[in-house]
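Work through these exercises with the structure in view. Try each task before reading its solution.

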Amino acid sequence: MDNPKLIFVVDDDPFINMLVVKRFSSEGYRLEAYSSGEECLKALDKNPDLIILDYLFVSEDKKIMNGLEILEKIKHVKPDISVIMLSGQNDGEVVLELARKGIDDYVIKDQNLIDNLHIAIKELFERKN
């Protein structure tokens with residue numbers, strides 16, 4: 001890739017961040033990992049091509065935003081940035097709500113996470129070309 005696409009991975013699980021960064025860096029993408037949505041929002045001026053965003057952020061600090069709030073802020077500041085939401089839950093209502101808010105895809109955190117994410121990213125960038 002002459003101009004590698006920049007992907008932000010935003011998850012409070014360092015293992016998931018490491019896994020995603022390792023897997024997709026080897027495919028020629030540039031990746032930056034963030035452990036909170038707030039960090040990701042501060043870096044939006046780097047204009048990522050895609051944000052892989054966790055739905056649920058767990059913290060002792062009740063002031064941190066969840067994935068839905070972060071998604072709304074991303075879409076407010078940069079409406080054209082693609083977002084793939086990651087979640088451990090399989091709730092259809094949640095997925096519908098996120099779709100209405102403008103996510104491009106939804107990937108469940110299970111043993112097929114990396115494979116499903118690979119498919120979602122590939123399809124997303126093919127649609128955008």
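**Exercise 1.** In this predicted model, find which residue forms a salt bridge with Asp54, and state where each partner lies.

*Solution.*
- Step 1. The partner is Lys109, and the closest N and O atoms are 3.1 Å apart.
- Step 2. Asp54 sits in strand S3 (residues 50–54). Lys109 sits in the loop between S5 and helix H5 (113–128).
- Step 3. The two are 55 residues apart, so the pair links distant parts of the chain.
- Step 4. Classify each partner. Asp54 has a relative accessible area of 2%, which is under 20%, so Asp54 is buried. Lys109 has 24% and is partly exposed.

**Exercise 2.** Trace the salt-bridge network that contains Glu72.

*Solution.*
- Step 1. Glu72 meets Lys101 in a salt bridge of 2.8 Å, N to O.
- Step 2. Glu72 lies in helix H3 (residues 67–77) and Lys101 in the loop between H4 and S5, so this pair ties together parts 29 residues apart in sequence.
- Step 3. Glu97 meets Arg100 at 3.3 Å, N to O. Both lie in helix H4, 3 residues apart, about one turn of the helix.
- Step 4. Glu72, Glu97, Arg100 and Lys101 are linked in a network.
- Step 5. Check exposure. Arg100, at 59%, is exposed. Glu97, at 26%, is partly exposed.

**Exercise 3.** How do strands S4 and S5 run, and how many bridges join them?

*Solution.*
- Step 1. S4 (residues 82–87) and S5 (residues 105–108) run parallel, joined by 4 bridges.
- Step 2. Met85 has Tyr106 in S5 as its bridge partner.
- Step 3. The chain passes from S4 through helix H4 (residues 92–100) to S5, a right-handed β-α-β crossover.

Conventions. Residues numbered from 1 in each chain as written. Predicted model: local features only at pLDDT ≥ 70, side-chain atom pairs only at ≥ 80, totals over all residues. Heavy atoms only, no water. Pairing = 2+ DSSP bridges. Right-handed = clockwise from strand over helix to strand, strands pointing away. Salt bridge = Lys/Arg side-chain N within 4 Å of Asp/Glu carboxyl O. Buried < 20%, exposed > 50% of the residue type's maximum accessible area, 1.4 Å probe, protein only.
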